[in-house]
Amino acid sequence: MIKKERAKLMCLDDVFLHNLRLKSLLKMYCSSFYEVDHHLKHSLSKNRGFIEDGYILWIGHIEYLPALMQSLDNIELVYPLKVLTDLENITSRLKFLKSNIINPNIQQHDSDWYLNGYKLQQWTAERQEQYMASCKGAFDAKSDSFAYAKKPPTKAQQYIYNRIPFAMDLCSYSAEYFEKRGLVIPNLTQLTKWHSKEYFDEISNFVDENQGTQSIEYVSINYLKYITQTKKTLTPYFLTSYLINSWAQTICLAERLLEKTYARFKIYN
């Protein structure tokens with residue numbers, strides 16, 4: 001009887017996921033899953049070398065600032081911190097920040113905003129590239145919640161594949177994602193490893209071994225490969241190679257359109 005009821009619920013043949021933790025929530029409704037990546041939207045023009053001294057970088061929406069402040073309460077950063085966020089929205093989000101940060105101290109001096117002593121800077125693509133190229137390291141701070149735990153690993157990919165020493169709260173899926181591929185990301189308290197030359201070399205070797213896997217072309221080909229593996233026949237047997245290639249080109253074009261949309265409306269990870 002249980003099998004029959006489950007069969008009724010089974011409404012999907014295949015699902016593409018950016019976060020495999022969602023499998024446990026969907027397995028009753030789907031027969032198979034494929035893990036797919038986002039392509040890398042922000043790539044530095046030149047490879048970074050190891051940076052001995054500098055600053056630490058955090059990039060994220062205003063809604064994630066409470067998680068950032070919570071993490072900073074539990075660690076002592078060795079290097080100065082630069083914060084990039086959607087500062088143009090801060091006046092409309094002051095009530096949210098005051099309600100979600102313990103003992104918030106929000107100050108404005110002329111056009112500059114400070115949160116608990118940390119200066120907030122307006123995110124731009126140009127500033128992000130500049131700071132990514134010269135930062136000592138970067139991190140992401142996530143609270144242990146459903147929304148954070150189910151996010152894709154795009155933020156970690158952005159840093160790791162640009163050879164930036166990266167640390168994060170281990171409740172995030174990103175740590176699990178990279179460990180499965182052979183790279184162990186330190187948590188925010190492992191400052192010695194995070195800032196070490198050895199960790200930078202680990203990242204560089206990992207990137208060299210996985211060169212090109214985050215390109216829009218590679219991601220598009222993976223979509224196509226998984227589509228052809230689905231249990232349902234999506235097209236007649238006489239589908240030509242020309243049409244197959246057109247699918248890949250269509251997926252690639254869709255990814256590029258999304259990328260332009262992100263840039264146009266200042267949407268970022």
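**Parallel strands, a one-sided helix and two residues in context**

Leaving aside neighbours within four places in sequence, Asp 140 is in contact with Trp 58, Lys 155, Phe 166, Ala 167, Met 168, Asp 169 and Leu 188. This residue lies in strand β8, and at 3% relative accessibility Asp 140 counts as buried, since the cut-off for that class is under 20%. The description given here rests on a predicted model, in which the protein averages a pLDDT of 79 and 70% of the residues score at least 70. Over residues 1-9 the pLDDT is below 50, and this stretch has four contacts in the model beyond near neighbours in sequence. The pLDDT is likewise below 50 over residues 233-246, for which five such contacts are found in the model. Where pLDDT is low, the predicted coordinates should not be read in detail.

The surroundings of Asp 140 can be followed through the strand that holds it. Strand β8 (residues 137-140) is covered on both faces, with Gly 137 and Phe 139 buried on one side and Ala 138 and Asp 140 buried on the other. In a regular strand the side chains alternate between the two faces of the sheet. Strand β8 runs parallel to β3, to which two bridges join it, and within this pairing Leu 57 stands opposite Ala 138. Strand β8 also pairs in the parallel sense with strand β9 (residues 166-168), over three bridges, and here Ala 138 stands opposite Phe 166. Phe 166 is also among the residues in contact with Asp 140.

Strand β3 (residues 56-59) pairs in addition with β4, again in the parallel sense, over four bridges, and the bridge partner of Ile 56 in β4 is Leu 81. Together with helix α3 (residues 65-72), strands β3 and β4 make a right-handed β-α-β unit. Four of the five residues of β4 (residues 81-85) are buried, so this strand is largely enclosed by the rest of the structure. Strand β4 further pairs in the parallel sense with strand β7 (residues 118-122) over three bridges, and Val 83 stands opposite Leu 120 in that strand.

A residue of helix α5 (residues 125-134), Arg 127, has contacts that include Leu 84, Gln 121 and Gln 122, when residues up to four places away in sequence are not counted. Although Arg 127 and Leu 84 are 43 residues apart along the chain, their C-alpha atoms are separated by 8.5 Å. At 28% relative accessibility, Arg 127 counts as partly exposed, because this value falls between the limits of 20% for buried and 50% for exposed residues.

Helix α10 (residues 197-209) has 13 residues that, at 1.5 Å a residue, should span 18 Å, and this agrees with its end C-alpha atoms, which are 18 Å apart. The buried residues of α10 are Tyr 199, Phe 200, Ile 203, Ser 204, Phe 206 and Val 207. They cover an arc of only 160° around the axis, which puts them on the same side of α10. An α-helix has 3.6 residues a turn, so residues three or four places apart point the same way. The buried residues of α10 pack against α7 (154-160), β9, α8 (173-180) and α9 (191-194), whereas the face turned away from the buried side carries the exposed residues Glu 198 and Glu 209. Strand β9 thus takes part both in the packing against α10 and in the parallel pairing with β8.

Conventions. Residues are numbered from 1 along each chain as its sequence is written. This is a predicted model: local features need pLDDT of at least 70, side-chain atom pairs count only at pLDDT 80 or more; totals for chains, interfaces and linings use all residues. Side-chain values use heavy atoms; hydrogens and water are left out. Buried means under 20% relative accessible area, exposed over 50%, partly exposed in between (1.4 Å probe, protein chains only). Two strands pair if DSSP finds at least two bridges between them. A crossover is right-handed if, with the strands pointing away from the viewer, the path from the first strand over the helix to the second runs clockwise. pLDDT is the predictor's confidence in each residue, from 0 to 100. Contact means heavy atoms within 4.5 Å. The expected span of a helix is 1.5 Å times one less than its number of residues. The arc is that of the directions from the helix axis to the C-beta atoms.
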